[in-house]
Amino acid sequence: MSTNPRLNFPQGMLAGRIAIITGAAQGIGAETAVILSREGCKVVIADIDAGKAEKTAQAINSEGGAAISVVGDITKNEDISNLVQKAVEFGDGKLHIIINNAGYAWDDPIEKIQDQQWNTIISLHNTAPFKLIREAAPYFMVKDGEPRSIVNVSSTSGIYGNAGQASYALAKAGLVGLTKTVAQEWGPEYGVRANTVAFGAIKTRLTQAPSGEYAVRPDGTKHAVGFKGGYDEEEKWVGDIPLRRIGTPTDAGLAILAMVSPLFSYVTGQVTGGKGGM
Ligand SMILES: NC(=O)c1ccc[n+]([C@@H]2O[C@H](COP(=O)([O-])OP(=O)(O)OC[C@H]3O[C@@H](n4cnc5c(N)ncnc54)[C@H](O)[C@@H]3O)[C@@H](O)[C@H]2O)c1
């Protein structure tokens with residue numbers, strides 16, 4: 001007979017935990033925040049978009065969850081330290097989960113990519129997650145017996161490459177190495193788990209036809225997101241996907257929940273595919 005305890009019904013699998021989710025104002029990050037919160041986790045909505053971040057936090061609080069929004073640019077040192085400080089205050093001195101999710105692509109063929117384009121994407125997807133993990137080190141390198149875990153959000157571009165996405169593919173591949181290193185450095189003594197999820201096609205504003213939405217670059221300029229012929233034209237894309245459908249932010253958030261939950265208590269250093277198949 002298993003000695004495994006019940007997975008904490010009805011308090012939720014993440015009761016008593018506190019999570020930072022970057023890029024949680026909308027899309028995959030926002031849905032992940034809602035899903036974690038429904039499992040009892042306190043969530044910190046970290047995003048550069050103040051209006052949407054606050055709206056997401058309010059929606060979680062109004063359904064009985066516990067959320068705060070912390071507005072900032074994840075590529076800026078001072079915003080990273082402010083984020084960790086606010087999260088730890090909200091978590092009564094503790095921090096258990098980081099989801100490095102903020103991001104977008106700035107695509108071009110190799111011969112056209114400018115230095116600024118390259119540096120922005122590497123800084124957003126690699127340097128920022130590293131710096132956030134480093135800033136949070138004092139709250140992860142602890143021995144209080146509580147589970148801690150990190151999920152880095154990668155992409156199938158980082159696993160297989162993708163024409164037109166050299167910077168994004170390199171950066172998303174880099175997250176795999178960072179994740180495995182965290183697993184090796186903080187696993188043995190502190191029991192910290194770290195995993196990567198490499199999503200394929202998830203329908204968000206980044207992957208549908210442009211609708212006037214933009215991401216804000218570190219220099220404050222606007223970067224239009226979305227692409228014509230995107231995942232809103234679902235039938236064009238699903239032929240290669242074994243589940244024959246585009247994923248939703250809910251599909252993505254549930255995969256992330258699984259990774260930070262006790263269901264994955266002995267899974268670390270892994271790359272999980274979130275692409276509806278091989
Ligand atoms: N949508 C997909 O098909 C897909 C597939 C694979 C991987 N991903 C990855 O998933 C993550 C989330 O993407 P999404 O589709 O939900 O996009 P989204 O645009 O809906 O959400 C991304 C969020 O990140 C925030 N953000 C961007 N730059 C930031 C910065 N410098 N500081 C703080 N916040 C910042 C944005 O404001 C936005 O709220 C990204 O890392 C993306 O690369 C998405």
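**Figure 1. Leu7, in the segment before strand E1.** In this predicted model, Leu7 belongs to the stretch of chain that comes before E1. Is Leu7 buried or exposed? Count the other C-beta atoms within 10 Å and you reach 12, so Leu7 is exposed. Setting aside residues up to four places away in sequence, Leu7 touches Met13 and Pro262. Gly91 makes a useful landmark here: Leu7 and Gly91 are 84 residues apart in sequence, and their C-alpha atoms are 22 Å apart in space.

**Figure 2. The region that UniProt lists as "domain: Ketoreductase".** This label comes from an unreviewed UniProt entry and spans residues 17–189. Over residues 17–189, the chain is 54% helix and 16% strand. If you find the C-alpha atoms at the two ends of this region, you will see that they are 20 Å apart.

**Figure 3. Helix H4 and its kink.** Follow H4 along residues 115–135 and you will meet a kink of about 45 degrees. Where is the kink centred? Look for Ser123. The buried residues of H4 are Thr120, Ile121, Leu124, His125, Asn126, Ala128, Pro129, Leu132 and Ile133. While you look at their spacing, keep a general rule in mind: an α-helix has 3.6 residues a turn, so residues three or four places apart point the same way. What covers the buried residues of H4? The cover includes three strands, E1 (18–22), E4 (97–100) and E5 (149–155). It also includes two helices, H3 (77–90) and H7 (166–190).

**Figure 4. Helix H3 packing on helix H4.** As a general guide, two packed helices are described by the angle between their axes and the distance between the axes. For H3 and H4 the angle is about 45 degrees, and the axes are 10 Å apart. That angle makes H3 oblique to H4. The crossing of these two helices is right-handed. On the H3 side, the contact is made by Asn77, Ile80, Ser81 and Val84. On the H4 side, the residues are Lys131, Leu132 and Glu135. You have already met Leu132 as one of the buried residues of H4.

**Figure 5. Helix H7 packing on helix H4.** Here the two axes are 9 Å apart and the angle is about 15 degrees. Are H4 and H7 roughly parallel or roughly antiparallel to each other? Angles under 35 degrees count as roughly parallel, and H4 and H7 are therefore roughly parallel to each other. Their crossing is right-handed. From H4, the residues in contact are Gln117, Trp118, Ile121, Ile122, His125, Asn126, Pro129, Phe130 and Ile133. They meet Ser167, Tyr168, Ala171, Lys172, Gly174, Leu175, Leu178 and Val182 in H7. Leu170 is also found in H7, and it counts as partly exposed because it has 17 C-beta neighbours inside 10 Å. The C-alpha atoms of Leu170 and Asn126 are separated by 9.3 Å, with their positions 44 residues apart along the chain.

**Figure 6. Asp92, in the loop between H3 and E4.** What is the sign of phi at Asp92? Phi is positive, about 50 degrees, although Asp92 is not a glycine. Asp92 has 9 other C-beta atoms within 10 Å, so it is exposed.

**Figure 7. Leu206, in the loop between strands E6 (193–199) and E7 (214–216).** Leu206 is partly exposed because 19 other C-beta atoms lie within 10 Å; a residue needs 20 or more to be buried. Which residues does Leu206 contact, leaving aside neighbours within four places in sequence? They are Tyr104, Val225 and Gly226. Between Leu206 and Ala137, the C-alpha atoms are 31 Å apart, and the two residues are 69 residues apart in sequence.

**Figure 8. Ile241 and Arg244, in the loop between E8 and H8.** This loop runs between strand E8 (222–224) and helix H8 (249–260). Ile241 has 17 C-beta neighbours inside 10 Å, so it counts as partly exposed. Not counting residues up to four places away in sequence, Ile241 touches Ala201, Lys275, Gly276 and Gly277. Ile241 and Ala201 are 40 residues apart in sequence, with 9.0 Å from C-alpha to C-alpha. Arg244 shows a positive phi, near 55 degrees, in a residue other than glycine. With 13 C-beta neighbours inside 10 Å, Arg244 counts as partly exposed.

Notes. Residues numbered from 1 in each chain as written. Predicted model: local features only at pLDDT ≥ 70, side-chain atom pairs only at ≥ 80, totals over all residues. Bend = angle between axes of the 7 residues up to and from the residue. Helix = DSSP H or I, 4+ residues; strand = E, 2+ residues; numbered from the N terminus. Contact = placed C-beta atoms within 7 Å. UniProt positions renumbered as here; feature names shortened; annotations may be inferred. Axes fitted to C-alpha atoms, helices over the stretch in contact; angles between N-to-C directions. Parallel < 35°, antiparallel > 145°, perpendicular 65-115°, else oblique. Left-handed = near helix turned anticlockwise from the far one by under 90°.
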